[in-house]
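Student: I have a protein model to read and need practice. Can we go through it step by step?

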Amino acid sequence: MKKLLFVLFSLFAISLQAQDISIIPQPAEMVVADGRFVLEGKVVVCYPVVKDKKVDAVIDRFVKEMKAATDVKLAKDRLKKTEMAGFDVKKSVKKGDAHIVFIVDEKMGEEAYKLDVKPGRVDVTAAAPAGFFYALQTFKQLLPRNVMAGVPDESVEEWSVPCVTIKDEPRFGWRGFMLDEGRHFYGKEEVKKIIDVMAAYKMNRFHWHLTEDQGWRIEIKKYPKLTEVGAWRDSKVIGWGDVKPDGIRYGGFYTRKDIKEVVEYAKERFVEIIPEVDIPGHSQAAVASYPEFLACDPENPHEVWLWQGVSGDVINVANPKAVQFAKDIIDELTELFPFGYIHLGGDECPTHKWEKNSECQALLKEIGSTNYRDLQIHFYKQLMEHVAQKPVEKQRKLVFWNEVLHGNTAPLGSDITIMAWIGADGAALDAAKRGMTTILSPQIPYYINRKQSKLSTEPVSQGHGDETVERVYSYKPMNNVPAELQQQYLGVQANFWTEWVVEPSVVQYLMLPRLAAVAEAGWTPDVKRDYNDFLKRLQGEAGLWKACVW
């Protein structure tokens with residue numbers, strides 16, 4: 001895999017001088033001036049007392065990271081007598097020192113920031129912790145790439161940044177990346193690396209696809225067989241065509257302790273995690289764990305699937321114990337993930353086992369339908385009612401793939417989010433017209449597990465090499481959407497499916513640099529996006545990826 005990474009680095013690595021001011025994603029507004037802010041001598045970080053301690057945490061991490069990467073020690077000066085906003089900065093800093101001054105402006109958006117760099121002085125202005133965090137991410141991008149990676153570089157003779165004035169905020173609130181670990185399991189340290197790269201490019205939603213036909217990857221206290229049985233299969237590779245299962249015992253899962261560790265890591269980087277438990281389809285690993293109440297045909301043998309494609313071994317949504325199972329799963333996900341969304345899948349769910357099951361036949365008649373797809377909607381309706389009965393702080397908004405739109409969604413109302421992947425633009429528009437919020441995640445070109453070039457060095461994966469960096473960058477989210485519907489569009493997301501991707505180094509190779517292109521689509525105003533300019537700014541990024549020890 002090192003050969004793959006070398007190819008990736010060599011494609012984009014040229015002198016850092018070519019990207020002296022190179023920020024990804026491109027800020028909304030930036031003016032460049034003469035001069036530089038040099039981090040030498042005594043550099044004082046001045047910041048006011050604020051109620052939100054997350055601001056203190058952002059500054060503390062920044063000081064530690066700068067020391068680790070540059071050996072520059074920043075002195076902290078907490079201005080105890082100032083108010084949260086409107087304090088007189090000019091009177092609050094001492095002459096003769098270089099200063100990085102944090103200023104609170106409550107009128108700004110939660111993720112917005114201003115960065116004003118002058119010789120001897122940097123002003124960082126934001127309203128909320130996320131805004132300060134993104135301002136500092138930009139500041140670090142103005143330094144050599146080892147700083148963002150958090151590793152030292154002894155070859156750098158001077159730590160300095162160019163003088164700029166930046167006013168910035170994201171175009172979309174949802175800037176996401178999904179990793180499928182149902183097919184292949186990588187472990188928490190690899191997930192942390194992905195979160196680091198997301199944070200570097202100001203992405204804020206990590207969609208964690210934790211269950212599949214081929215594996216269940218999260219510990220659930222009430223159902224221990226999900227990991228005792230469902231987390232393991234008898235093949236490392238997943239069969240397809242001439243590729244046959246290899247008989248190697250393979251698997252893994254995240255303990256509750258692991259999950260909590262990753263959650264805290266993500267929160268520190270202002271990344272929300274959206275856990276996905278894909279039900280009632282793509283659930284053969286769960287069915288194999290508890291066939292007595294999840295299977296439509298419990299009398300038959302069931303195993304964790306060894307093959308790619310769409311399994312027909314789906315959950316029996318007419319069994320009350322299966323419905324309770326799903327409710328219990330939601331309860332434990334709510335406990336483990338203190339964020340706003342839970343994804344329940346909903347894609348590629350064959351109905352033929354329901355059609356042959358007497359319980360499902362009776363339930364379909366009971367709800368007054370002849371469309372077996374409506375059993376899936378009825379299943380979700382019960383789960384939504386379960387979530388709605390929770391205390392407000394424990395309620396979660398449910399996300400589904402856009403196949404859910406094919407059934408009678410009226411019982412679900414509009415309080416769901418549709419992740420549009422197949423026929424994404426049309427599906428998203430359909431969802432928006434129905435009053436649902438939506439996320440653009442088009443299979444082509446935002447499935448960045450697909451080959452990104454036709455080079456012979458490309459690893460085995462899906463696609464034909466047509467999903468190039470340029471094609472990913474050139475996709476226009478929310479193009480020609482009527483103004484009155486645009487508020488329904490939460491943002492964009494890249495997805496990474498792992499049927500063919502056994503090793504994490506291949507995830508990294510295929511993910512980059514296309515993830516940066518999606519990040520820019522989510523953050524930068526469309527009128528400011530230009531592929532040729534992006535390509536120039538991309539040249540130095542290989543230094544960041546290489547410094548991440550990938």
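Student: In which helix is the place of lysine 353?
Tutor: A note before we start: this is a predicted model. Look along the chain for a helix that spans residues 352-355. Lysine 353 has its place there, in helix α12.

Student: Which side chain does the side chain of lysine 353 join in a polar contact of 3.1 Å?
Tutor: Start with what lysine 353 touches beyond four places in sequence: Cys296, Asp297, His302, Gly312 and Asp313. Now look for the polar contact of 3.1 Å between side chains. The partner of lysine 353 is aspartate 297.

Student: What is the order of strands in the open sheet of seven strands?
Tutor: Find the edges, where a strand pairs on one side only. These are β1 (29-38) and β3 (74-79). The pairing in the sheet is mixed. Read across, and the order is β1-β7-β5-β6-β4-β2-β3.

Student: Do β1 and strand β7 run parallel or antiparallel?
Tutor: Strands of a sheet can pair either way, through backbone hydrogen bonds. Here seven bridges join β1 to β7 (residues 160-168). Valine 38 stands opposite serine 160 in β7. The two strands run antiparallel.

Student: Which helix packs on the sheet?
Tutor: Look for a helix touching β1, β4, β5, β6 and β7. Its direction makes about 40° with that of β5. The helix, residues 129-141, is α4.

Student: Why are the buried alanines of α15 on the same side of the helix?
Tutor: The buried residues are Ala424, Ala427, Ala428, Ala431 and Ala432. An α-helix has 3.6 residues a turn, so residues three or four places apart point the same way. These alanines are on the same side of α15 because they cover an arc of only 135°.

Student: Which strands do the buried residues of α15 pack against?
Tutor: Helix α15 runs over residues 424-433. Glycine 435, with a positive phi near 90°, follows α15. The strands packed against the buried residues of α15 are β17 (417-420), β18 (437-440) and β19 (489-496).

Student: How many residues are in the largest nonpolar core?
Tutor: In soluble globular proteins, nonpolar side chains tend to be buried together. Here Phe177, Trp208 and Leu515 are among the residues with the most contacts inside the core. Helix α11 (residues 320-336) gives the most to this core, with eight residues. The size of the core is 118 residues.

Student: Is histidine 282 buried or exposed?
Tutor: Histidine 282 lies in the loop between β14 (272-276) and α9 (284-289). Its phi is positive, about 50°, although histidine 282 is not a glycine. Buried means under 20% relative accessible area. Histidine 282 has 2%, so it is buried.

Student: And asparagine 480, buried or exposed?
Tutor: Asparagine 480 also has a positive phi, near 60°. Its place is in the loop between α17 (469-474) and β19. Exposed means over 50%. Asparagine 480 has a relative accessible area of 72%, so it is exposed.

Student: Where is proline 513, which a cis peptide bond joins to leucine 512?
Tutor: The omega of that bond is about 5°. Proline 513 sits after α18 (504-511) and before α19 (514-523). Its place is the loop between α18 and α19.

Student: Which residue does a cis peptide bond join to isoleucine 444?
Tutor: Omega is about 15° for this bond. The partner is found in helix α16 (residues 443-446). The residue is proline 445.

Note on methods. Residues numbered from 1 in each chain as written. Predicted model: local features only at pLDDT ≥ 70, side-chain atom pairs only at ≥ 80, totals over all residues. Heavy atoms only, no water. Core = buried A, V, L, I, M, F, W, Y, C linked by side-chain atoms within 4.5 Å. Buried < 20%, exposed > 50% of the residue type's maximum accessible area, 1.4 Å probe, protein only. Helix = DSSP H or I, 4+ residues; strand = E, 2+ residues; numbered from the N terminus. Arc of directions from axis to C-beta. Contact = heavy atoms within 4.5 Å. Pairing = 2+ DSSP bridges. Axes fitted to C-alpha atoms, helices over the stretch in contact; angles between N-to-C directions. Polar contact = N/O pair within 3.5 Å; in protein donor to acceptor, adjacent residues only side chain to side chain.
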